[in-house]
Amino acid sequence: MLKKLIRYDMKSLNHFLPFLHIFALLASILMRLFVTGRINPQSSSKQVDFIFILFFILFFTTITALSTGTYLLAGIRFYKNMFTDEGYLTRTLPVTNATHLLSKTIAGSIWAVINMSVIYLCTYLVLCTPYIQSAVTSHKAEILREFGATGEYAGLSFSSALTVLFLFSCLGSISSIVMIYASVALGQLFSSHRVLGAVVSYFAISTVLSVLSLVVMALFGNETRLIITAGSEGDNFNFIAYMIDVMKTSTILMAGTSVILYIMTHYIMNKKINLI
Amino acid sequence: MNPILECYGLTKSYNKIYSALNNLNLSLERGQIIGLLGPNGSGKTTFIKLINDVLVPTSGEIRINGMAPGVETKKIVSYLPERTYLDETMRVKEIITYFSDFYDNFSSERAYRMLDDLQIDTNARLKTLSKGTKEKVQLILVMSRDAGLYVLDEPIGGVDPASRDYILSTILNNYNEDAAILISTHLIHDIENILDRVLFIKQGQLVLNAAVDEIRTEQGKSVDTLFREVFRC
């Protein structure tokens, strides 16, 4: 049953999301061909700089819209399929709520990871022009040293750093999907205005998690280290060491909160849902 | 054989003041077509939703073939809600595949035959069909299952009188003596000839549970007349 549910969930998400992502890729290719690919630092002028800045803003807006669209559509599918009129069919299929939730989480996560991959690919297409590539290659050792690839991190390469960053981003995207579903489920506990309830729940969960993350980071010393280093005269701040600390703490925090939110969503779906 | 449906002290309250269902006790046997009748807001749809596990009871118990609502009961209950519950972007034939994927007791052949009888285009998307046609599609899907309990909430409310006869004969022809059909409707006159038993619900409580023949022979009234008397405003 799980396979069948995933197939239908993917089919539903596949109505829109491929088009959004293909559009973003095409926009990135065009930007590479007509904007970043034509960068010539020797003939740089204020007008040209302004156009580049404008295009970069456009690029980041496209990427933000792409991510928002992906999460929004996954959330809408979950809401529509489980809690609106469609829920009268979905919830009367001979399938447990646990299977429904797992299917939707897998389908949403697949698209969240695809979305993240497309974002990385778009960034690569836009930024990795021959000029930037040759600049990075010729100053590779210097750049790595500046970022803190010294001592225990001396063997770190660009590709391994990017792989770790990509995996971390993917975990973050999956965690976002779980959080969106939890918000939708919490919204169902409101007696009316349940969509608004879901939005309020989303911001409430985000705020709680941000505060929790700050507290945990402060307790583990990450924030303090940044503040102390930023305020000190000596430039002994190691960006890589700091990022590794942040990622370790964030991974534990994301995994922990995702498990709690997933269990909470399952509990609400099992015990508290009343379709009206 | 177990009764197909049993309720013990079934209560559903939406808030502290109002109970849509209040201490409902009931046992229904197989091989019957049962009319669930009552005025608006009497608790019929709430009762139906509880049977189908889309509402959680406040207290009491509900048993379908001896089991609490869950995966096993959903295999044997075929439910037609009062609203369109299908993904309207899907084509009729895709919905048939969907039902056949999830319900082992669904007969695609029967569904296609009935769609053909009613001249419904299986390539059409749901959103392009009229409200009445969508209701016919839903009823066909529900009646194409070999279920133990069919629960139909207002099955003929939105269809034209000419199609009602076909739908009623469909209901009669597609169930066997091991199954029961529970029909909630306001169109008592149209369906009373196919009913074996009626349940009258008033303000969340059962006020009558009687065989239609008993009503006719002992009280000398039709179900429609008795309903008007019991629920006179």
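Q: What percentage of the 233 residues of chain B count as buried?

A: This is a predicted model, and in it 44% of the 233 residues of chain B count as buried. A residue is called buried when 20 or more other C-beta atoms lie within 10 Å of its own.

Q: How does the radius of gyration of chain B agree with that of a compact globule?

A: The idea is to set the value for the chain beside the one expected for a compact globule with 233 residues, which would be near 17 Å; chain B has 18 Å, and this agrees. Along its principal axes, the C-alpha trace of chain B spans about 45 × 40 × 35 Å. One can also ask how far apart in sequence the contacting residues lie: of the contacts in chain B with a separation of 6 or more, 70% are between residues 24 or more positions apart.

Q: How many helices and strands does chain B have, and which order do the strands of its open sheet of 3 strands take?

A: Strands of a sheet pair through backbone hydrogen bonds, and the pairing is either parallel or antiparallel. Chain B has 9 helices and 9 strands, and its open sheet of 3 strands runs in the order S2-S1-S4, with antiparallel pairing. Because S2 and strand S4 (59-64) of chain B each have a single partner strand, they stand at the edges, and one side of each is left without a neighbour in the sheet. On average, neighbouring strands of this sheet are turned by 20° against each other, direction ignored.

Q: Where can the pairing of S1(B) with S2(B) be followed residue by residue, and what joins these two strands?

A: Strand S1 (residues 5-13) of chain B pairs with strand S2 (residues 19-28) of chain B in the antiparallel sense, over 6 bridges. One place to look is B:Lys12, which stands opposite B:Leu21 in S2(B). The connection from S1(B) to S2(B) is a hairpin through 5 residues. S1(B) also pairs with S4(B), again in the antiparallel sense, over 5 bridges, and there B:Tyr8 has B:Glu61 in S4(B) as its bridge partner.

Q: How should the contact between chain B and chain A be read, and how many residues does each chain give?

A: Each side of a contact can be described by its residues, their elements and their classes. Here 19 residues come from chain B and 17 residues from chain A. On the side of chain B that touches chain A, helix H2 (71-76) and helix H3 (92-102) of chain B are the elements that give two or more residues. By class, that side of chain B divides into 10 nonpolar, 2 polar and 7 charged residues.

Q: Which domains does the assignment give for chain A, and which helices supply at least two residues of the side of domain 1 that touches domain 2?

A: The domain assignment divides chain A into domain 1 (8-138) and domain 2 (141-276); the contact between them takes 22 residues from domain 1 and 19 residues from domain 2. On the side of domain 1 of chain A that touches domain 2, helix H3 (46-83), helix H4 (87-90) and helix H5 (97-127) of chain A each supply at least two residues, and H5(A) gives the largest share, 12 residues. That side of domain 1 has 13 nonpolar, 7 polar and 2 charged residues.

Q: Is A:Ser117 buried, exposed or partly exposed, and what is the reason?

A: A:Ser117 is found in helix H5 of chain A. A:Ser117 is partly exposed because 15 other C-beta atoms lie within 10 Å. A:Ser117 and A:Thr249 are 132 residues apart in sequence, and their C-alpha atoms are 23 Å apart in space.

Key: Residues numbered from 1 in each chain as written. Chains lettered and ligands numbered in written order. Predicted model: local features only at pLDDT ≥ 70, side-chain atom pairs only at ≥ 80, totals over all residues. Domains from an automatic or database assignment. Contact = placed C-beta atoms within 7 Å. Helix = DSSP H or I, 4+ residues; strand = E, 2+ residues; numbered from the N terminus. Nonpolar A, V, L, I, M, F, W, Y, C, P; charged D, E, K, R; others polar. Pairing = 2+ DSSP bridges. Buried ≥ 20, exposed ≤ 12 C-beta atoms within 10 Å, placed from the backbone. Rg over C-alpha atoms; globule rule 2.2 N^0.38 Å. Axes fitted to C-alpha atoms, helices over the stretch in contact; angles between N-to-C directions.
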